[in-house]
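Biologist: Before the wider architecture is discussed, I should like a close look at a single part of this model. Please treat it in one connected account.

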Amino acid sequence: MAAFLRFSAVLTILVLAACQTSDSQLAEAGRSPSYITGFHDGRHSGMKEAGNNFEHYIRDSERFSADADYRDGWLAGEEEGKRIQQQAVAIGNAAAGAYGAAKIDKAIEEQDPENVAKDAVKGVDTDALKVLEKQ
């Protein structure tokens, strides 16, 4: 189980790293340093807006108003940040679901099916079902 959790963590990191736009990609696409700065600020802000409490909302209001490159970069980064955070949550939920399912499977394997059935109906009034025994 520990190996599964390590694998899930590594997979999450790789997926998230592959989905992020790098400075070099932005520079190769002809984006200005102002755009790149705005992009980074927007990405952090988007992740915060999407629920990541480890991120911070960052926006230089003066630059956002006066510098079109910064504003365009910030808006693009904000969208990417939201998308990255949503992907991280989805991956985390999938890993948690797989972990939970594995624990349930293991618990079922370790229990006697007769006892599982008895536990399932514990506290339930089954007197009405006794009629079926006579038929």
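Biologist: In what kind of interaction do the side chains of E49 and K82 meet, and how many Å separate N and O?

Modeller: The side chains of E49 and K82 meet in a salt bridge, with an N to O distance of 3.5 Å. This pair connects distant parts of the chain, since E49 belongs to helix α3 and K82 to helix α5, 33 residues apart. A salt bridge here is a side-chain nitrogen of Lys or Arg within 4 Å of a carboxyl oxygen of Asp or Glu. Helices (H or I, at least four residues) and strands (E, at least two) are DSSP runs, numbered from the N terminus.

The model is predicted: local features need pLDDT of at least 70 and side-chain atom pairs count only at pLDDT 80 or more, while totals for chains, interfaces and linings use all residues. Residues are numbered from 1 along each chain as its sequence is written, and side-chain values use heavy atoms, with hydrogens and water left out.

Neither partner falls in the buried class: E49 is partly exposed at 37% relative accessibility, and K82 is partly exposed with a relative accessible area of 26%. The classes are buried for under 20% relative accessible area, exposed for over 50%, and partly exposed in between (1.4 Å probe, protein chains only).

K82 also forms a salt bridge with E78, the closest N and O atoms being 3.9 Å apart. This second pair stays inside helix α5, where K82 and E78 are 4 residues apart, about one turn of the helix. E78, at 11% relative accessibility, counts as buried.

Another salt bridge joins E80 and R43, whose closest N and O atoms are 2.8 Å apart. E80 lies in helix α5 and R43 in helix α3 (residues 33-49), so this pair ties together parts 37 residues apart in sequence. Both E80 and R43 are buried. R43 and E80 further belong, with R83, to a network of salt bridges. A search of the whole structure finds 5 salt bridges.

Helix α5 spans residues 68-110 and also holds Q85. Q85 is buried, at a relative accessible area of 10%. Leaving aside neighbours within four places in sequence, Q85 is in contact (heavy atoms within 4.5 Å) with M47, A50, G51 and N52.

Elsewhere, L26 sits in helix α2 (residues 23-28). With a relative accessible area of 7%, L26 is buried. Apart from residues up to four places away in sequence, L26 touches T21, R31, Y35, I36 and F39. The C-alpha atoms of L26 and G73 are 9.7 Å apart in space, with their positions 47 residues apart in sequence.

As for the setting of these details, the chain has 7 helices and 0 strands, in the order α-α-α-α-α-α-α from the N terminus on. Of its 135 residues, 21% are buried. Among contacts between residues at least 6 apart in sequence, 66% join residues at least 24 apart. The chain exposes about 9400 Å², of which carbon and sulfur atoms supply 57%. Accessible areas come from the Shrake-Rupley method with a 1.4 Å probe, and for residues only the protein chains shown count as cover.
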